[in-house]
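Thanks, everyone. I will take the aromatic pairs first and the strands after that, with the structure on the screen.

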Amino acid sequence: MQNFVTAWKTDPFGEPIFAEGSPQKVANPFDYGGGLVNPNKASDPGLIYDVGTEDYIKYLCAVGYNTSAISQLVGQTTACSMVKPSVLDVNLPSITIPNLRENITLNRSVTNVGPVNSVYKANIDPPPGISVAVRPDTLVFNSTIKTISFTVAVSTTHQVNTGYYFGSLTWTDGEHLVTSPISVRTQIIQYYTDGN
């Protein structure tokens, strides 16, 4: 069975992609994002991470915009919830955690744009020293269930601050591969400066 891959992490010959700049280094998700677009397969992705106005409003609330500024920006009266949303919950296909100290759980949802009756299973390639669990780990779509939410629980085994480590979460139905890059930096010890 041929897999539908909408983006590559290597060049067309299977060789690593190199980042621009000096010194030259093998590219990581910060350099290529979800990958180099495969235009022949991009029209049939299987699943999409749909983002709408409400998602952006939650993001603006999470980063501290007040309701007046958000209302003016979106052109309608809006209000942030009493509980401040997490910026990590924006429904993007990539997951980046810049300061993992404690166990955290993120929320995502995907919409099936492939065959109506589809079953996708999660395949996790965690970043080194990072534990990643997805619930549910199987998504069952049919004619009435087109969008499914899931959680991603992330924790670290590192006892010191680290740089970014990379992994991925891939949903597959045996044909489509829907991959989300994961980047995590453990920050156990916070550094403070006195402004001098």
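One definition before the residues: buried here means under 20% relative accessible area. Please also keep in mind that this is a predicted model.

By that cut-off Phe150 is buried, because its relative accessible area is 2%. Trp171 is buried as well, with a value of 0%. These two residues form an aromatic pair: the ring centres are 5.0 Å apart and the planes stand at 70°, so the pair is edge-to-face. In the sequence they are 21 residues apart, with Phe150 in strand 10, residues 147-156, and Trp171 in strand 11, residues 164-172. The pair therefore links distant parts of the chain. Tyr49 joins in too, since ring pairs link Tyr49, Phe150 and Trp171 into a cluster.

How many aromatic pairs are there in total? The count comes to three. One of them is Tyr120 with Phe141, again edge-to-face, at 6.1 Å centre to centre and 85° between the planes. Tyr120 sits in strand 7, residues 118-125, and Phe141 in strand 9, residues 138-141; they are 21 residues apart, and this pair also links distant parts of the chain. Tyr120 is buried, at 0% relative accessible area, and Phe141 is buried, at 1%.

Now the strands. There is an open sheet of four strands in the order 4-6-10-8, and the pairing is antiparallel. Which strands are at the edges? They are strand 4, residues 47-48, and strand 8, each pairing on one side only.

At the strand 4 end, two bridges join strand 4 to strand 6, residues 104-112, and the two run antiparallel. Leu47 stands opposite Asn112 in strand 6.

At the other edge, strand 8 pairs with strand 10 in the antiparallel sense, over six bridges. Strand 10 is also where Phe150 of the first pair lies. Across this pairing, Val132 stands opposite Val154 in strand 10.

Strand 8, residues 130-135, has two faces to look at. Ile130, Val132 and Val134 make up the covered face, while Ser131, Ala133 and Arg135 make up the uncovered one.

Last item, just past that strand. The peptide bond from Arg135 to Pro136 is cis, with omega near -10°. Pro136 itself is in the loop between strand 8 and strand 9, and strand 9 is the one that carries Phe141.

That is the end of my part.

How values were computed. Residues are numbered from 1 along each chain as its sequence is written. This is a predicted model: local features need pLDDT of at least 70, side-chain atom pairs count only at pLDDT 80 or more; totals for chains, interfaces and linings use all residues. Side-chain values use heavy atoms; hydrogens and water are left out. Rings of Phe, Tyr and Trp (its six-membered ring) pair if their centres lie within 6.5 Å; planes under 30 degrees apart count as stacked, over 60 as edge-to-face and the rest as tilted. Buried means under 20% relative accessible area, exposed over 50%, partly exposed in between (1.4 Å probe, protein chains only). Two strands pair if DSSP finds at least two bridges between them.
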